[in-house]
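Before you is a structure to be examined one part at a time. A close look at a single part is requested below.

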Amino acid sequence: MTASLALLALAVALRLLVGPDGVWDLPRDGAELELRLLRVASGVSVGAALAVSGVLLQSLLRNPLASPAVLGLTSGASLGVMISIYAGFLATGAVVQYEPPAVSALLGAMATLGLVYVIAQRRGMIDPVTLILVGVIVSLIAGALTMLVTHLLPADGLAASVQWTLGSLNDNVRWLRLTLVGAVTLIGIGFGCLLGPAMDAAALSDDEARAVGVRLGALRITLFVLAGTLTAGTVLLAGPIAFVGLVIPHLVRAVGGPSHRPLVLASALTGAGLIVLADALVRVIDLGSGRMPIGVLTALVGGPVFLVILLRQRPGAES
Amino acid sequence: MTLELAQVGFRYPGTRRLVLEDVSCAVAPGRVTVVIGPNAAGKTTLVRIMSGLLNPTAGRALIDGRPLRSMRGAERAGRIAYIAQRPTLGAGFTVAQTLALGRYALGASAGAIERALARTELGDLSGRGFHTLSAGQQQRVMLARALAQLDPWGPRPGAGAGKLLIADEPTSALDPRHAMATLSLFRELASRGVGVVAALHDLTSAVRVADRAIAMGPGGRIAAAGAVSQTIVPDILEPIYGVPFALTATPAGAVVTPVAPASTTASAAEETCR
């Protein structure tokens with residue numbers, strides 16, 4: 001927990017010291033300080049929500065490979081947002097960027113998670129490998145539909161939409177929306193902590209979990225809704241960002257153990273620190289073609305980590 | 001505490017086959033009851049219904065005269081502990097943490113985990129990761145977790161009274177020494193007023209540990225139920241399992257063995273191998 005706090009503090013300090021041109025400097029005026037604070041707050045909310053969503057999904061599905069991105073939630077939420085942007089375009093003739101209705105992301109995330117769950121389960125039992133495969137396939141389909149909707153947008157909306165679908169913190173987000181998503185994230189973390197002991201006991205078999213007093217049905221519905229809501233919030237603020245929800249719970253669990261209450265808290269802090277740090281890094285890294293989206297950086301780092309985790313899960317692999 | 005099933009029937013959702021049909025039996029406190037029968041006879045379904053984990057689709061499951069389904073959460077956890085056939089647990093838990101899960105709804109009880117570790121001789125393994133243990137050790141940990149839940153050796157007088165331990169094949173992965181230790185533990189629990197129900201395949205263990213037996217026959221019906229001396233006998237076992245049995249008294253206790261047909265004796269098998 002201390003290490004997670006230290007990471008977050010370091011990341012926030014670094015981010016506040018990176019200027020708009022990727023140069024280390026102090027904010028020149030109040031407006032610039034506000035912009036940097038806004039990006040820090042946005043990164044904290046997105047990172048914490050993604051990491052906690054990963055913890056909740058891994059408990060819900062009793063599968064350490066579950067995460068918002070792998071199970072298609074992120075793609076589903078993105079599709080929901082793109083559909084709402086397209087609907088706005090059809091209604092008004094203009095592309096309204098970055099302020100899609102929150103309910104579109106939420107519906108997209110929930111619909112995808114529900115679809116993955118229904119297809120992957122058989123008489124209520126879920127095979128982990130089937131679940132991952134179904135999640136990846138549904139995610140691909142949602143991604144293809146997102147591209148289709150993007151393709152239907154006019155040229156002036158296309159560039160911004162493509163940038164958005166790569167996953168990056170948004171300079172134009174309003175404080176009101178940020179406050180609302182932040183509040184939802186805090187509530188999600190609070191519920192995650194509250195449900196920690198129940199998630200611990202739910203690590204037993206279904207029958208044994210119920211026999212020690214877990215109300216398994218209510219717990220699963222709550223985790224389902226919380227994970228979907230948290231993911232939808234992150235998509236509204238930053239578009240789809242992969243691997244944070246998968247990798248952070250793994251790293252924190254490896255250091256701090258499986259107990260869910262501290263796992264939720266430490267994952268929230270570490271996820272927040274990681275996204276804010278990534279936001280500072282993408283400002284400093286200049287590839288000559290504009291700022292690299294955070295989603296690209298997290299995928300480049302998180303992808304290989306995910307592969308290592310997957311290989312270690314194989315039967316016969318040392319753990 | 002008396003658990004009573006009256007004309008219970010059960011079929012799993014979306015299936016036509018009746019797994020249990022017209023099952024009536026009772027479990028008394030301070031007694032060890034074994035459930036025996038061939039594979040797919042409905043033993044697991046029966047013990048899950050007795051644990052309140054499944055609701056019968058016909059008939060009634062009652063505890064002290066009230067519907068078992070009305071007892072939920074902490075109230076049920078404080079009175080009925082259940083051990084599943086296969087030990088299952090998420091990654092990363094130590095043995096001591098696993099035992100603590102048994103206290104989830106009941107809150108910590110001073111010494112409950114230590115008492116359970118001591119009774120199952122798992123004290124030395126308390127810091128080990130559950131997934132680093134052998135299948136047999138994991139099975140013992142799950143027994144200890146159930147003991148931590150019921151805490152029948154707790155400081156309160158009569159701590160075991162009114163409680164029920166239900167285990168589905170609790171010795172299937174154990175070596176002979178630990179299987180015997182587990183069966184002895186069941187007898188100790190019964191002496192403290194706990195009602196013990198165990199689904200067992202090992203009929204010799206069943207005849208030695210149990211006071212009463214429920215023999216499941218084909219079609220999910222009870223073939224016989226009552227005192228072990230009247231239930232686990234060749235005349236009842238043969239039609240259930242489809243092979244003849246011998247019940248032999250030895251100085252160490254009764255031994256129940258299937259009598260193999262001549263074609264499956266060792267010499268015949270050797271002949272085939274050549």
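What follows is one request about a strand and one connected answer.

Q: Please take a close look at strand 9 (residues 212–216) of chain B. Which residues cover its faces, and which strands does strand 9 of chain B pair with?

A: This is a predicted model, in which local features need pLDDT of at least 70 and side-chain atom pairs count only at pLDDT 80 or more, while totals for chains, interfaces and linings use all residues. Residues are numbered from 1 along each chain as written, with chains lettered from A and ligands numbered from 1 in written order.

Strand 9 of chain B (strands are DSSP E runs of at least two residues and helices H or I runs of at least four, numbered from the N terminus) spans residues 212–216. Five of its five residues are buried, so strand 9 of chain B is largely enclosed by the rest of the structure. Buried here means 20 or more other C-beta atoms within 10 Å of the residue's own, placed from the backbone; 12 or fewer is exposed, and in between is partly exposed. One side of strand 9 of chain B carries R212(B), I214(B) and M216(B), and the other carries A213(B) and A215(B); both faces are covered.

Strand 9 of chain B pairs (at least two DSSP bridges) with strand 3 (residues 32–36) of chain B, in the parallel sense and over four bridges. Within that pairing, R212(B) of strand 9 has T33(B) standing opposite.

Strand 9 of chain B also pairs with strand 10 (residues 222–227) of chain B; these two run antiparallel and are joined by five bridges. R212(B) appears again here, with A227(B) in strand 10 of chain B as its bridge partner. Strand 9 and strand 10 of chain B form a hairpin with five residues between the strands. In that hairpin G219(B) takes a positive phi, near 75°.

A positive phi is also found elsewhere in chain B, at E121(B), where the value is about 55°. E121(B) comes just after helix 4 of chain B, a helix of residues 112–119. Helix 4 of chain B likewise contains buried residues, namely A112(B), I113(B), R115(B), A116(B) and L117(B). These buried residues pack against helix 3 (95–101) and helix 5 (135–150) of chain B, where a contact is two backbone-placed C-beta atoms within 7 Å.

For chain A, the summary is at the level of the chain: 13 helices and two strands, with buried residues making up 52% of its 319 residues. Of the contacts in chain A with a separation of 6 or more, 79% are between residues 24 or more positions apart.
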